[in-house]
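Good morning, and thank you for coming. Please look at the sequence and the structure as they appear, and keep both in view while I speak.

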Amino acid sequence: MGLAAAGAGISGYLTVAALQGTPPVCLAGACEEVAASPYARFLGLPIAAWGLGLYVVVAAVAAAGARAPAGVPAVLLGLVAFGTTFSLYLLWVQIAVLRAICAWCVASEVLWVALAAVAVLLLRAPR
């Protein structure tokens, strides 16, 4: 749940910045350029808001799994696989299309990969 909470923190910050119309503070990379791109919104909402929602759902499923683990690792893996795949697509967009990298986005992408590794370990763990 800690990884999902960290991701929710990043996505929450980027969502607030987008909704306020201010570029995110970026210590490295081209966060402002990425945030202003047409890829930064989906169905009228900032991509970060969608990520925030998914991180919250992942955290909730992980918390539920701590109490009633039957079937939860598979559900968790499915959610995290979606988040990781979409995140890697967004990384590709940054590199190949925008030619601009957002450090916040990369941090979130790293968290999705870490969550995927944890979900695989949970699924493979003996019950």
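A125 lies in the segment after helix α5. The model we are looking at is a predicted one. With a relative accessibility of 28%, A125 counts as partly exposed, because that class runs from the 20% limit for buried residues to the 50% limit for exposed ones. Which residue lies 9.4 Å from A125, C-alpha to C-alpha? It is P73, which stands 52 residues away from A125 in the sequence. P73 itself is one of the buried residues of helix α4.

Let us now consider the chain as a whole. Its secondary structure amounts to 5 helices and 2 strands. Following the sequence, one meets them in the pattern α-α-β-β-α-α-α. Taken along the principal axes, the C-alpha atoms fill a box of roughly 45 × 30 × 25 Å. How does the radius of gyration compare with that of a compact globule of 127 residues? The globule would have a value near 14 Å and the protein chain has 15 Å, so the two agree.

Of the 127 residues, 36% count as buried. The chain exposes about 7200 Å², and carbon and sulfur atoms supply 75% of that area. If we take the contacts in the chain with a separation of 6 or more, residues 24 or more positions apart account for 71% of them.

I turn next to helix α1, which covers residues 2-20. Its 19 residues, at 1.5 Å each, should span 27 Å; the end C-alpha atoms are 27 Å apart, so expectation and model agree. The buried residues of α1 include A4, A8, S11 and T15. An α-helix has 3.6 residues a turn, so residues three or four places apart point the same way.

S11, which has its place in this helix, deserves a closer look. Is S11 buried or exposed? It is buried, because its relative accessibility is 4% and the limit for that class is 20%. Leaving aside residues up to four places away in sequence, S11 touches A48, G51, L52 and Y55. Directly after α1 comes G21, whose phi is positive, near 75°.

Two further residues with positive phi are worth our attention. Most residues other than glycine have a negative phi. L43 is not a glycine, and yet its phi is positive, at about 55°. Where is L43 found? It sits in the loop between β1, residues 41-42, and β2, residues 45-46. L43 counts as exposed, because its relative accessibility is 67%.

The second case is R99, again a residue other than glycine, with a positive phi near 55°. R99 follows α4 and belongs to the loop between α4 and α5, the latter being residues 103-124. Its relative accessibility of 68% is the reason why R99 counts as exposed.

Beside the loop that holds L43 is strand β2, where L45 is found. L45 is partly exposed, with a relative accessible area of 38%. Its contacts, not counting residues up to four places away in sequence, are with A40 and W50. L45 and A18 are 27 residues apart in sequence, while their C-alpha atoms are 9.0 Å apart in space.

Finally, let us return to helix α4. Its 27 residues should span 39 Å at 1.5 Å a residue; the end C-alpha atoms are 37 Å apart, which agrees. Among the buried residues of α4 are L76, V80, G83, T84, S87, L90 and V93.

Y89 also lies in α4, which runs over residues 72-98. Is Y89 buried, exposed or partly exposed? It counts as partly exposed, because its relative accessibility is 39%. Which residues form a nonpolar patch on the surface together with Y89? They are Y39, F82, F86, W92 and V97, and the patch has about 610 Å² of accessible area in total. The helix thus offers two lists for comparison on the screen: the buried residues, L90 and V93 among them, and the patch residues, including Y89 and W92.

Thank you for your attention.

Conventions:
Residues numbered from 1 in each chain as written. Predicted model: local features only at pLDDT ≥ 70, side-chain atom pairs only at ≥ 80, totals over all residues. Heavy atoms only, no water. Patch = residues over 30% accessible without salt bridge, like charges linked within 9 Å, V, L, I, M, F, W, Y side chains within 5 Å. Areas by Shrake-Rupley, 256 points an atom, 1.4 Å probe, with all protein chains shown as cover. Salt bridge = Lys/Arg side-chain N within 4 Å of Asp/Glu carboxyl O. Helix = DSSP H or I, 4+ residues; strand = E, 2+ residues; numbered from the N terminus. Buried < 20%, exposed > 50% of the residue type's maximum accessible area, 1.4 Å probe, protein only. Expected span 1.5 Å × (residues − 1). Rg over C-alpha atoms; globule rule 2.2 N^0.38 Å. Contact = heavy atoms within 4.5 Å.
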